[in-house]
Amino acid sequence: MSRDEATIRAEILDRVRELHEVRTAGRTFTPGEDYVSYAGRVHDDREVVAAVDATLDFWLTLGPHGEAFQDRLAEILGVRWTRLVNSGSSANLVALSALTSPKVDGRLRRGDEVITVAGGFPTTVAPIVQNGLVPVFLDNDPLTGNVRVERLEDALSPRTRAVMMAHTLGNPFDLDAVTAFCRDHDLFLVEDNCDALGSRWKGRLTGSFGDLSTQSFYPPHHLTMGEGGSVNIVKSGRLKVAVESFRDWGRDCWCASGKDDTCGKRFRWRLGELPEGYDHKYIYSHLGYNLKPLDIQAAIGRVQLDKLGDFTAARIANYEAFAAAIAPFAEVVQPMQATPGAQPSWFGFMMLVDPTAPFTRNELAQHLEQHKVATRMLFGGNLVRQPAFTQLARDAAEDGRGEAFRVVGDLTGADRLMHDAVFLGTYPGIDDARRGWIVDVLTTFLRERTGIAG
Ligand SMILES: Cc1ncc(COP(=O)(O)O)c(C=O)c1O
């Protein structure tokens, strides 16, 4: 960089810091007037500077910041590789698609079954259907939000090939039981770790137990780059090649953006029925996508990664404060419980309203919202009751294609979560003042409705 360029850049970045200070100076919180969101981006001037600095580089497509982010996240998680994509949903799509690659031993074929859980987020399950596979739904335990592991064996069929499910709201599912089940029956495991970055199972970070795992970096998640996600490849080199290919148009070539001939034989391959020496850059071994984010996003993510430890601590502290606040009301409302063995980095603080409570979940949610405290339901609730899935079942029946998905046992836990659960935010933007307000609003309602002095 010439001296002039360096000087100008430094001046611009100084002005960016100044602007950030001006924009954020004097921000206060007025309880009852200012809305307390359940989640959102938490950052300081460093993320803004990183974004502007990367924009001034104008590399744009995934490049040096992307590589640095991927290496660092893989190192933190203790997996061999991480590959950035443009969302958590894309990460799930790429991860599951990778399992269908002819380059992967024991790949999934059309009609094969993937065990999942009924209550949760739709794009954990959508890629199963999008790949011509059959989701097999198990029930959730309503208190942990996770799969009822005692039913795993009931879900098996000769076509079962994989398990894919999320650590619900950051609460790890029973990884001892699930990994043992996958090992015993030779199944792939994809952990949807989108809501659980920083969560641990017996001390080890989730996202490192399956064959693949996924992250979301959308603002409500544990760290953000605006839009974004990643697929984490725990150890298989073949899965890494398949993940990269599905993300990058389905190509066989693995050159990084702006590079040529990494393989050293760009014009010497013979694949498919293409003429020998057809340019490897344009050889496609999969029906892929293009799901890459920008390098600018990765630059923001690199700063956020340094804050992961503090963010995790804040999420845990907020969960604990809310759990303590509602403890006197345990007869009517229970907090989501960590799966025994789990140390969650909570995505939210879920409360389950007891059927005998003198109020409904919706009344509780409305009270909180009226007092400017954001609430959320457990995403799609029982997914099999969503229009997308009821339509899928109808279409399959009408077309005589058999079942679009299987349901194993009852789904009373997932239904319960859909009817009786609501969650509050735990994100680091909930500081002392906001936490105090939430506790006030919540406990006032519970005291008034139950007569219990909490
Ligand atoms: C468990 C789970 N998986 C996947 C996603 C999708 O992530 P994204 O919004 O980045 O597509 C979400 C979104 O919140 C989620 O909660």
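Is the crossing of H1 and H2 left-handed or right-handed? Figure 1 takes that up, and the other legends go on to the rest of this predicted model.

**Figure 1. Helices H1 and H2 packed against each other.** Here's the answer to the opening question: the crossing of H1 and H2 is right-handed. H1 runs over residues 3–24 and H2 over residues 45–57, and their axes come within 9 Å, at a crossing angle of roughly 145 degrees. On the H1 side, the contact is made by Arg9, Ile12, Leu13, Val16, Arg17 and His20. H2 answers with Asp45, Val48, Val49, Val52, Asp53 and Leu56. Sorted by class, that contact comes out as seven nonpolar, one polar and four charged residues.

**Figure 2. The shell around the ligand.** There are 15 residues around the ligand, and the ones that come nearest are Ser87, Gly88, Ser89, Cys194 and Ser216. Two elements give two or more residues to this shell, namely helix H4 (88–98) and H5. H4 has the largest share, with three residues. As for chemistry, the shell has eight polar, five nonpolar and two charged residues.

**Figure 3. Where domain 1 meets domain 2.** Domain 1 spans 55–305 and domain 2 spans 308–450. Their C-alpha centres lie 26 Å apart, and the contact draws 42 residues from domain 1 and 42 residues from domain 2. Zoom in on the domain 1 side, and the elements giving two or more residues are helix H5 (122–130), strand S3 (134–138) and strand S6 (200–201). S3 gives the most to that side, with five residues. The domain 1 residues that touch domain 2 divide into 21 nonpolar, eleven polar and ten charged. If H5 rings a bell, that's from Figure 2: H5 also gives two or more residues to the shell around the ligand.

**Figure 4. Stepping back to the whole protein.** Count up the secondary structure and you get 13 helices and 14 strands. The radius of gyration is 24 Å, close to the 22 Å that the globule rule gives for 454 residues, so the protein is as compact as a globular protein of that length. Taken along the principal axes, the box filled by the C-alpha atoms is roughly 80 × 70 × 40 Å.

Key
Residues are numbered from 1 along each chain as its sequence is written. This is a predicted model: local features need pLDDT of at least 70, side-chain atom pairs count only at pLDDT 80 or more; totals for chains, interfaces and linings use all residues. Domain bounds come from an automatic or database domain assignment. Two residues are in contact if their C-beta atoms, placed from the backbone, lie within 7 Å. Helices (H or I, at least four residues) and strands (E, at least two) are DSSP runs, numbered from the N terminus. Ala, Val, Leu, Ile, Met, Phe, Trp, Tyr, Cys and Pro count as nonpolar, Asp, Glu, Lys and Arg as charged, and the others, Gly among them, as polar. A residue is near a molecule or strand if its C-beta atom, placed from the backbone, lies within 6 Å of it. Axes are lines fitted to C-alpha atoms, for helices over the stretch in contact, and angles run from 0 to 180 degrees between N-to-C directions. A crossing is left-handed if the near helix is turned anticlockwise from the far one by less than a right angle, and right-handed if clockwise. The radius of gyration is taken over C-alpha atoms; the globule rule is 2.2 Å times the number of residues to the power 0.38.
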